[in-house]
Amino acid sequence: MKTFFKRISGNHSQTVIPAPAAATAAASAAADCVCNERQQCKILIVCKGQEFSRGIADYAVDMACKTRSSLVALNIDESGKDFDGFRSQAQRNIEYFNARAADAGLAFSHEIQQGDENAIVARMHEKDPSFRYVMDDSAAVCKNRRSIPVYTRATLRAK
């Protein structure tokens, strides 16, 4: 024990940078780097129907604000029947999502495509690798709306 106390008491004359100040400087530099990087990121919100739920719209806007990302809403018609009718209804139903994004000052775009979800997401990620997150708003996946599936870039399901 005497040796331990001698080591502690003998180090008072050394100048040490306080840990909080060093951590704050490092965190600030890292945050600046991350913020600049994230301004180019996008969140893809996928709906296999004609209308996004208000819950996913609110959650996506909040997440985009926190991560300084832009939003891309994607309606997918997997049925292959009456795509023109699907497209016109999806365009009418996007107003709430568009208004929430505009109120938050976020970049927002809306796409409507026909085909297989995995193929479309893979193609979109191949064209634009800045998608950081993918959110799923399918009724089959989000039955009770208690949790919203969010995939990261590493798990985009895009092969």
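This is a short tour of the structure above, one selection at a time.

**Stop 1: the whole chain**

Start with everything shown as a cartoon, and keep in mind that this is a predicted model. You should be able to pick out 6 helices and 5 strands. Trace the chain from its beginning and the elements come in the pattern α-α-β-α-β-α-α-β-α-β-β. Of the 159 residues in the protein, 32% are buried. Switch on the surface if you like: the accessible area is about 10,100 Å², and carbon and sulfur atoms account for 52% of that. Now think about contacts between residues with a separation of 6 or more: 72% of them link residues 24 or more positions apart.

**Stop 2: strand β1**

Select residues 42-47, which make up β1. Is this strand enclosed or out in the open? It is largely enclosed by the rest of the structure, because 5 of its 6 residues are buried. Add residues 70-77, which are β2. The two strands run parallel, and 6 bridges join them. For one example of the pairing, click on Leu44 in β1 and then on Val72, its bridge partner in β2.

**Stop 3: Val72**

Stay on Val72 for a moment. Its relative accessible area is 4%, so Val72 is buried. What does Val72 touch, leaving aside its neighbours within four places in sequence? The list is Lys42, Ile43, Leu44, Ile45, Ser109, Glu111, Met124 and Phe131. Try a distance label between the C-alpha atoms of Val72 and Ser109: they are 37 residues apart along the chain, yet separated by 4.9 Å.

**Stop 4: the largest nonpolar core**

Next, show the side chains of Ile43, Ile45, Phe52, Leu71, Phe97 and Met135. These have the most contacts inside the largest nonpolar core, which has 18 residues. Which elements give two or more residues to this core? They are β1, α3 (54-67), β2, α5 (95-103) and β4 (131-136). Helix α3 provides the largest share, 6 residues.

Zoom in on Ile43. Not counting residues up to four places away in sequence, Ile43 touches several residues with numbers in the sixties and seventies, including Ala60, Met63, Ala64, Leu71 and Val72. Its contacts also include Phe131, Tyr133 and Met135.

There is a second, separate core to look for too. This one has 10 residues, among them Leu44, Ile76, Val121 and Phe131.

**Stop 5: helix α6**

Select residues 117-127 to bring up helix α6. Which residues of α6 are buried? Colour Glu117, Ile120, Val121, Ala122 and Met124, and you have them. Show the strands around them, and you will find these buried residues packing against β1, β2, β3 (108-114) and β4.

**Stop 6: Ser69**

Go to the loop between α3 and β2, where you will find Ser69. Being in a loop doesn't leave Ser69 out in the open here: with 4% relative accessibility, Ser69 counts as buried. Show its side chain along with that of Thr67, and look for the polar contact between the two, at 2.9 Å. Ser69 and Thr67 are also both on the list of residues that Ile43 touches.

**Last stop: two cysteines**

Finish with Cys41 and Cys65. Are they buried or exposed? Cys41 counts as buried, at 6% relative accessibility. Cys65 is partly exposed, at 38%. A disulfide is a covalent bond between the sulfur atoms of two cysteines. How many disulfides does the structure hold? The count is 0.

Conventions
Residues are numbered from 1 along each chain as its sequence is written. This is a predicted model: local features need pLDDT of at least 70, side-chain atom pairs count only at pLDDT 80 or more; totals for chains, interfaces and linings use all residues. Side-chain values use heavy atoms; hydrogens and water are left out. A nonpolar core is a set of buried Ala, Val, Leu, Ile, Met, Phe, Trp, Tyr and Cys residues joined through side-chain atoms within 4.5 Å. Buried means under 20% relative accessible area, exposed over 50%, partly exposed in between (1.4 Å probe, protein chains only). Contact means heavy atoms within 4.5 Å. A polar contact is a pair of N or O atoms within 3.5 Å; within protein, one must be able to donate a hydrogen and the other to accept it, and residues adjacent in sequence count only if both atoms are side-chain atoms. Accessible areas come from the Shrake-Rupley method with a 1.4 Å probe; for residues, only the protein chains shown count as cover. A disulfide is a pair of cysteine sulfur atoms within 2.5 Å. Two strands pair if DSSP finds at least two bridges between them.
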